[in-house]
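Biologist: I am new to this structure and would be grateful for a close look at a single part of it. Please take one helix, describe its surroundings with care, and then place it in the wider chain.

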Amino acid sequence: MSRNVIVVLGADVTSGDVRELVESLGGEAGQGSPDYSDAVLERDGGTVWAWLDPGLLRYEDLRAAYASALDLPPRSALVLEMTSEPGSQWLAAEIVLAAADRWPLLVRDFGGEILTVQQFHRRLAKRRAGFFDAATWHDPSPAAARRGRVALVTMALPPDVTPRHVERLVRSLGGLAGHGEEADALLERGPARVWVQLADARATPPGPASVTRETLGDAPGTCVLLEVFETPGSQVLAAELVEAAAAHWPVLVRGASGQSMTVEDVRARIAMGAIDVFDP
């Protein structure tokens, strides 16, 4: 699933200008989908396609609103289409800020709210995720901010494995006890971060019961929730925890999109150099 935001520019910007801008951030010219994009930026699991669409300025009421916010006539409209993958909104924000260094602009977010550059900067300062979500959609609480920047992965283990066993396993990898309600155990290495919840209702057993029985021999007795942050290396660190668990017990994983994964599946994703290890 993807969503679009509109960047309205007070300058006559060309497709070549868009390609040059995105390429300056490490992107590429017009590759991938959609085929009509002028440029694409992919990094750290996120993807944003960018293209000009002059038709977005044809509505007089919107043109008037844009002109009022820009304090000059709108001349170009840039579409930023971003995937739901972790990091896509960060990349789109990078494009907006880089464009603002070149041209006067404003942003129309997912909810249709019009933001000046100054208002967008304030939103970036206040939020850790959901930069393009409308104000009415955004929950500013710390818990919501955390939900917005983690992927939820379940590690299902046999019935005789207790939460205490898992906590000791995390400690053996250099992890620490958790901080109050945030997590029961923490595994952190540089920017990589995995929070372990030993008893959490969100920890859903993977796949059909037949698959679970085939791997674990019985209904799982312990389902551990891994909150895998979107920071670089976090998914590889979570895979290391899964691998360590597999050295002691049978393991089945429920990926971020609900798919069942065996330890072999996780190893294959690591071997191919996948960034989104748990969301193939």
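**Helix 9 and its surroundings**

Modeller: On the face of helix 9 turned away from its buried side sit the exposed residues Glu-264 and Ala-271. The model in view is a predicted one, and helix 9 covers residues 263-271. Its buried residues are Val-263, Val-266 and Arg-269. Seen down the axis of helix 9, these buried residues fall within an arc of 120°, so they line one face of the helix. A general point about helices helps here: an α-helix has 3.6 residues a turn, so residues three or four places apart point the same way.

What do the buried residues of helix 9 pack against? Their partners are helix 8 (234-246), strand 13 (252-254) and strand 14 (260-262).

Asp-265 also belongs to helix 9. With a relative accessibility of 34%, Asp-265 counts as partly exposed, because buried means under 20% and exposed means over 50%. The C-alpha atom of Asp-265 is separated by 9.2 Å from that of Val-277, a residue twelve positions away along the chain. Between the two in sequence, just after helix 9, comes Gly-273, which takes a positive phi of about 75°.

The partnership with helix 8 can be described further. In general, two packed helices are described by the angle between their axes and the distance between the axes. For helix 8 and helix 9, the angle is about 145° and the axes are 10 Å apart. Helix 8 passes helix 9 in a left-handed crossing. On the side of helix 8, the contact is made by Val-236, Ala-239, Val-242, Glu-243 and Ala-246. On the side of helix 9, the contributors are Val-263, Val-266, Arg-267 and Ile-270. Sorted by class, this contact has seven nonpolar residues, no polar residues and two charged residues. Val-263 and Val-266, named among the buried residues of helix 9, thus appear in the contact with helix 8 as well.

Another helix pair may be set beside this one. Helix 3 (residues 88-100) and helix 4 (residues 117-126) pack at an angle of about 145°, and their axes are 11 Å apart. Helix 3 passes helix 4 in a left-handed crossing. Here Ala-93, Val-96, Leu-97 and Ala-100 of helix 3 meet Val-117, Phe-120, His-121 and Leu-124 of helix 4. The residues of this contact divide into seven nonpolar, one polar and no charged.

A strand residue offers a further view of the interior. Ser-76 lies in strand 5, which spans residues 76-83. Is Ser-76 buried or exposed? At 6% relative accessibility, Ser-76 counts as buried. The side chain of Ser-76 reaches the backbone oxygen of Ala-11 at 2.6 Å and the backbone nitrogen of Val-13 at 2.9 Å. Leaving aside residues up to four places away in sequence, Ser-76 touches Val-7, Val-8, Leu-9, Ala-11, Asp-12, Val-13, Leu-52 and Leu-57.

Finally, the chain as a whole. It has nine helices and 14 strands. Of its 280 residues, 45% count as buried. Among contacts in the chain with a separation of 6 or more, 64% are accounted for by residues 24 or more positions apart.

Technical notes
Residues are numbered from 1 along each chain as its sequence is written. This is a predicted model: local features need pLDDT of at least 70, side-chain atom pairs count only at pLDDT 80 or more; totals for chains, interfaces and linings use all residues. Side-chain values use heavy atoms; hydrogens and water are left out. Helices (H or I, at least four residues) and strands (E, at least two) are DSSP runs, numbered from the N terminus. Buried means under 20% relative accessible area, exposed over 50%, partly exposed in between (1.4 Å probe, protein chains only). A polar contact is a pair of N or O atoms within 3.5 Å; within protein, one must be able to donate a hydrogen and the other to accept it, and residues adjacent in sequence count only if both atoms are side-chain atoms. Contact means heavy atoms within 4.5 Å. The arc is that of the directions from the helix axis to the C-beta atoms. Axes are lines fitted to C-alpha atoms, for helices over the stretch in contact, and angles run from 0 to 180 degrees between N-to-C directions. A crossing is left-handed if the near helix is turned anticlockwise from the far one by less than a right angle, and right-handed if clockwise. Ala, Val, Leu, Ile, Met, Phe, Trp, Tyr, Cys and Pro count as nonpolar, Asp, Glu, Lys and Arg as charged, and the others, Gly among them, as polar.
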